[in-house]
Amino acid sequence: MVNPDGAKLYTRENANQIDLNRDAQNLTQPESKVLRAYFTKVKPDYCYNLHDQRTIFGVADTGKPATVSFLAPSYNENRDVNEVRTKAIKVIVAMNNALQQYISNQVGRFDDSFNINCIGDTFQSMNVPTILIEAGHYQNDYNREETRKYIFIALLSGFVKLFENDIVNNEIEDYLNIPQNKVVFYDFVYKNVKINYDSNKIITNIAVQFKEVLLDNKINFNAFIAKIGNFDDFFGHFEYYAKEAVFSNKTNTFPKIDDKADFYLNNNIKIENGKMKI
């Protein structure tokens with residue numbers, strides 16, 4: 001773990017408020033220096049770059065969450081594919097083939113825009129095959145327990161294929177055929193809601209998103225209204241068709257962006273912290 005202080009504080013920045021995944025070239029932080037020194041000492045055959053991915057990501061426009069996303073990072077601005085990157089790509093293909101048996105259509109391919117300041121791009125540019133894995137959302141699994149299982153399956157299947165030297169026939173096209181992940185999800189979507197706006201009744205949609213907050217060493221999922229209006233290209237991990245049910249809240253106002261997601265539909269359906277209370 002490159003950033004133990006950030007993990008404790010539940011932030012991607014370290015204790016000096018530096019994003020270590022943008023410090024791979026300047027090496028301004030002690031963690032960056034330790035990682036580079038260890039990389040130089042070990043001379044690894046492969047690097048695995050493990051991240052978490054927010055619930056907002058889906059697999060292209062399929063309506064499926066991106067439970068696992070892969071990337072063979074670019075090593076240059078042109079995003080060329082050389083022998084080193086090809087090795088990473090072939091391992092990813094093996095891992096994806098294994099995962100499709102369990103989470104079909106829930107594996108995405110992360111954007112490969114080049115940023116030499118990132119750890120993965122740097123290691124790839126230093127001629128070590130590097131594989132980035134993003135742990136994302138599985139249905140109703142906000143604590144990522146199911147996702148952990150699929151990350152383990154991916155890693156193990158990749159190791160086995162490497163050990164058996166059974167990746168020589170995996171084609172680059174198979175990697176490119178993994179759908180690219182895309183920002184297409186909200187945590188909750190309430191459709192066809194009637195709101196009173198300046199004495200006018202409007203039928204609209206309300207999207208709700210969790211913000212993860214560390215409180216007393218526990219992660220709290222606090223839901224806020226993220227969008228109001230038409231968002232046909234987005235999905236909800238939970239969706240409810242309100243059938244023109246009337247929105248109301250404790251202040252008897254219309255919904256506003258960043259409001260806490262506590263409200264009623266027709267005064268008898270209670271939404272508390274984004275979730276419907278039956």
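These legends accompany close-up views of one predicted chain.

The model is predicted, so local features need pLDDT of at least 70 and side-chain atom pairs count only at pLDDT 80 or more, while totals for chains, interfaces and linings use all residues. Residues are numbered from 1 along each chain as its sequence is written, and side-chain values use heavy atoms, with hydrogens and water left out.

**Figure 1. The whole chain, with six helices and 13 strands.**
Helices (H or I, at least four residues) and strands (E, at least two) are DSSP runs, numbered from the N terminus. The C-alpha trace spans about 65 × 40 × 35 Å along its principal axes. Of the 278 residues, 44% count as buried. Buried means under 20% relative accessible area, exposed means over 50%, and partly exposed lies in between (1.4 Å probe, protein chains only). The accessible surface comes to about 15500 Å². Carbon and sulfur atoms hold 48% of that surface. Areas come from the Shrake-Rupley method with a 1.4 Å probe; for residues, only the protein chains shown count as cover. Contact means heavy atoms within 4.5 Å. Among contacts between residues at least 6 apart in sequence, 68% join residues at least 24 apart.

**Figure 2. Helix 2 and its buried face.**
Helix 2 covers residues 30-42, which is 13 residues. At 1.5 Å a residue they should span 18 Å, and the end C-alpha atoms are indeed 18 Å apart. The expected span is 1.5 Å times one less than the number of residues. Which residues of helix 2 are buried? They are E31, S32, R36 and F39. Seen down the helix axis, these buried residues fall within an arc of 130 degrees, so they line one face of helix 2. The arc is that of the directions from the helix axis to the C-beta atoms. An α-helix has 3.6 residues a turn, so residues three or four places apart point the same way. V34, Y38 and K41 are exposed, on the face turned away from the buried side. Cover for the buried residues includes helix 1 (4-9), strand 1 (47-52) and helix 4 (119-125). Just after helix 2, K43 has a positive phi of about 55 degrees.

**Figure 3. Helix 5 and what its buried residues pack against.**
Helix 5 (145-163) has 19 residues. Its first and last C-alpha atoms lie 27 Å apart, close to the 27 Å expected at 1.5 Å a residue. The buried residues of helix 5 are T147, Y150, I151, I153, A154, L155, S157 and G158. They pack against strand 1, strand 3 (68-71), helix 3 (83-99) and strand 5. N165 follows helix 5 and has a positive phi, near 50 degrees.

**Figure 4. H137, in the loop between strand 5 (130-135) and helix 5.**
Is H137 buried or exposed? H137 is buried, with a relative accessible area of 1%. Leaving out residues up to four places away in sequence, H137 touches T55, P65, A66, T67, Y142, R144, T147 and H237. T147 also belongs to the buried residues of helix 5.

**Figure 5. An open sheet of seven strands.**
The strand order is 9-8-7-10-11-12-13, with mixed pairing. Strand 9 (218-228) and strand 13 (275-277) stand at the edges, each with a single partner strand, so one side of each has no neighbour in the sheet. The twist averages 35 degrees from one strand to the next. Axes here are lines fitted to C-alpha atoms, for helices over the stretch in contact, and angles run from 0 to 180 degrees between N-to-C directions. Two strands pair if DSSP finds at least two bridges between them. Strand 8 (residues 200-215) and strand 9 pair in the antiparallel sense over 10 bridges. I206 has I228 of strand 9 as its bridge partner.

**Figure 6. A207, a buried residue of strand 8.**
The relative accessible area of A207 is 0%. Apart from neighbours within four places in sequence, A207 is in contact with Y186, F188, F224, I225, A226, K227 and F231. A207 and T11 are 196 residues apart in sequence. Their C-alpha atoms are 24 Å apart in space.

**Figure 7. Two loop asparagines, N217 and N266, with positive phi.**
Most residues other than glycine have a negative phi. N217 lies in the loop between strand 8 and strand 9. Its phi is positive, about 65 degrees. N217 is exposed, at 71% relative accessible area. N266 sits in the loop between strand 11 (263-265) and strand 12 (269-272). Phi of N266 is near 60 degrees. N266 counts as partly exposed, at 43% relative accessibility.
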